[in-house]
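Got a few minutes for some secondary-structure practice? Have a look at the model below, then try the exercises before reading the solutions.

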Amino acid sequence: MYNRKIRGPLIEGNKSLGQITKEIASPMEVGPGLWWYIAFFVSSVAAVLGFYAIYITVYKGIGTWGVNNSVAWGWEIVNFVWWIGIGHAGTAFSIFLLILRQKWRTSINRAAEAMTVFAVMCAAIFPALHMGRVWDVFYIFPYPNTRGPLWVNFNSPLFWDFSAITAYLLISASFWYLGMLPDLGTIRDKTTSRIKKAVYGLFSMGWTGSSRQWIRFESLSFILGGIAAVLVVSVHSIVSTDFAVGIEPGWHTTIFPPFFVVGAIFSGFAMVMTLMVLIRKIYKLTDYVTDNHMDAIARILIFISLIMATAYVTELFISWYSGNKYDMFTMFRNRVTGDYTMQFWGMIVCNALIPQLFWFRKIRRNWIGLLSISLIINLGMWLERYNIVVTSLSKDFLPSNWVSYSPTIIDIGVFVGTIGLFGTGVLLFMRYIPMMAISELKSVAHIGTKKED
Amino acid sequence: MMRTFKIGIFDDEGKFLSSIRSLQEQKLQIFDVFTPYPVHEVFHLLKRKSRLPTAAYFFGLFGIVATLGFLYYTSVIDWPLIYGGKPFNSFPSFIVVTIVVTILTVTLASLALFSARSKLFPGRDNTIFDLRATDDKFVIVVDTNFPDQSQAGRAGNLMKEQGAIEIIDKEFEKVEA
């Protein structure tokens, strides 16, 4: 099943079970270094700035944003799609590899799922604010109300989006928490501090590791994994229908659902890579997340990058081949050339060209290479969403509608705020939750080593 | 009533498994075993099965029927409105919401069932026979009162023979597992 001659051991250094517990739990036992406090301070300041920008938005209205009558969707929707995309890969990573029984997921899945939960939280802020009157957000819940009862439009992609994101947040959080139960139990039994014992005891919900608990735990993991895999594909397809159902040139195309799903996984895997490079570097967990792990993610990124490049070319080709002059205009006069060339070519360079550097083994094994390319991919994916949202809206069918778009300081503030929120969440995760699934690591500790049966 | 248990601690998966096998050959009742990670051989030996997948299937069925029923009720019966010239019961565009809500139903209902059946919920205080079971030891627990006292000594010796690093007798006022 697992060929160690090809991949090498999953966990290096012949760890004993006790050693695994100790090494993964140690960041929670010993206090964090100075870097942690600095990073935490910076990200909380960013989050507070974001909350201030949100306050201004709610107090004065979305007129404080750069959006206008034509470009009614600006940075907020770009950021929403970007965050949701990042949020995708955590689950995609963890669940697809679970179903495919790829054991190398074990050292990475916890962090990937944590990233998902925080990213989806950040994403959910934007559509809620974009409704304009955020205090009326409950109007979108389909519940028997005193307004008729008037129901929401179940045929609308915007409602699909709402239900998909709500479900995605709940499910990815449940899956993450479920996977954490055995590890919280481990910390509870291991710690000597009374407060920690009480807190982790509460959150581990009485986990003992009995055979009955384990079998139900495993079968529930597979059930949730199996159905959440469907959800991963459907959520971003639904996000893409927000655009594809509209008739704007550049949006009205059937390539969108797969294009969005692949793009989401692309940016999410890049973010997983960013996080793992930092975690293994800072916490010296290179025995658990080996060079081979990073190599595998880098290979997946090359593959997805090629799919993205194909999609970009296909979009251009189809707009030419269809002979639709509006589509042609958007693609060739407003993206490839025109006012938004920077964003278009930036996207091509970041997403299609630079990731090709991963063909070189030296770069796949160099942490600076991995970190910078993964950040570049996320920049590229942001530019891609900017391209889709803004270029199509800025110049549509009627030249009298044409306007240019630029964000205001409030737009930027909300975005910075979500980055701060994400950073704060990830830092708290590093501090208080085992960063890798301890119990799963133990079950794969012998794979690829000499003790293999 | 105080209950006494004989607890065998192992630090090796192989010895632990062979010990379960010989206890079973001797017809000695095992109360339960505790491991730091899921050991599939144990499920096989102790004949542990989970019916969660079956339950999840029915949750899914319920989710589909309930969601489609709800959409039909709201869009056709309760407040019919024409959106974009579509029929009231525009089934194809209801599928999206149905898929998502069904997945959510299965997840939440399976979690609730798991929590109830495994007795895992906040504040739950399940009996921990040995603290090391969640760290690096494999633990076999034998109930000394069942079927009768004489079995306990035999079980202890057997586990020792099979390579247990420790045999402990522990008393518990109340056992919740």
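Here are three exercises on this predicted model, each with a worked solution.

**Exercise 1.** Work out the strand order of the sheet in chain B, and find which strands sit at the edges.

*Solution.* Start with the pairing: 4 strands of chain B make an open sheet, ordered 2-3-1-4, and they pair in the antiparallel sense. Next, look for strands that pair on one side only: these are strand 2 (32-34) and strand 4 (166-172) of chain B. From one strand to the next, the twist averages 25 degrees. To check the register at one end, take strand 1 (residues 3-10) of chain B, which is joined to strand 4 of chain B by 7 bridges, antiparallel. Here B:T4 has B:E171 as its bridge partner.

**Exercise 2.** Find which strands helix 1 and helix 5 of chain B touch or lie across.

*Solution.* Take helix 1 (residues 13-25) of chain B: it lies across strand 1, strand 2 and strand 3 (138-143) of chain B, at about 20 degrees to strand 3. Then helix 5 (residues 150-161) of chain B packs on the sheet and touches strand 1, strand 3 and strand 4, with its direction about 10 degrees from that of strand 1.

**Exercise 3.** Describe how helix 9 and helix 10 of chain A pack.

*Solution.* First the geometry: helix 9 (residues 256-282) and helix 10 (residues 291-322) of chain A pack at about 150 degrees, axes 10 Å apart. Angles over 145 degrees count as roughly antiparallel, so helix 9 of chain A is roughly antiparallel to helix 10 of chain A. The crossing is left-handed. Now the contact itself: residues including A:F259, A:F266 and A:M273 of helix 9 meet a set in helix 10 of chain A that includes A:I297, A:L301 and A:M308. Sorting the contact residues gives 17 nonpolar, 2 polar and no charged.

Key. Residues are numbered from 1 along each chain as its sequence is written. Chains are lettered from A and ligands numbered from 1 in the order in which they are written. This is a predicted model: local features need pLDDT of at least 70, side-chain atom pairs count only at pLDDT 80 or more; totals for chains, interfaces and linings use all residues. Two strands pair if DSSP finds at least two bridges between them. Helices (H or I, at least four residues) and strands (E, at least two) are DSSP runs, numbered from the N terminus. Axes are lines fitted to C-alpha atoms, for helices over the stretch in contact, and angles run from 0 to 180 degrees between N-to-C directions. Two residues are in contact if their C-beta atoms, placed from the backbone, lie within 7 Å. Angles under 35 degrees count as roughly parallel, over 145 as roughly antiparallel, 65 to 115 as roughly perpendicular and the rest as oblique. A crossing is left-handed if the near helix is turned anticlockwise from the far one by less than a right angle, and right-handed if clockwise. Ala, Val, Leu, Ile, Met, Phe, Trp, Tyr, Cys and Pro count as nonpolar, Asp, Glu, Lys and Arg as charged, and the others, Gly among them, as polar.
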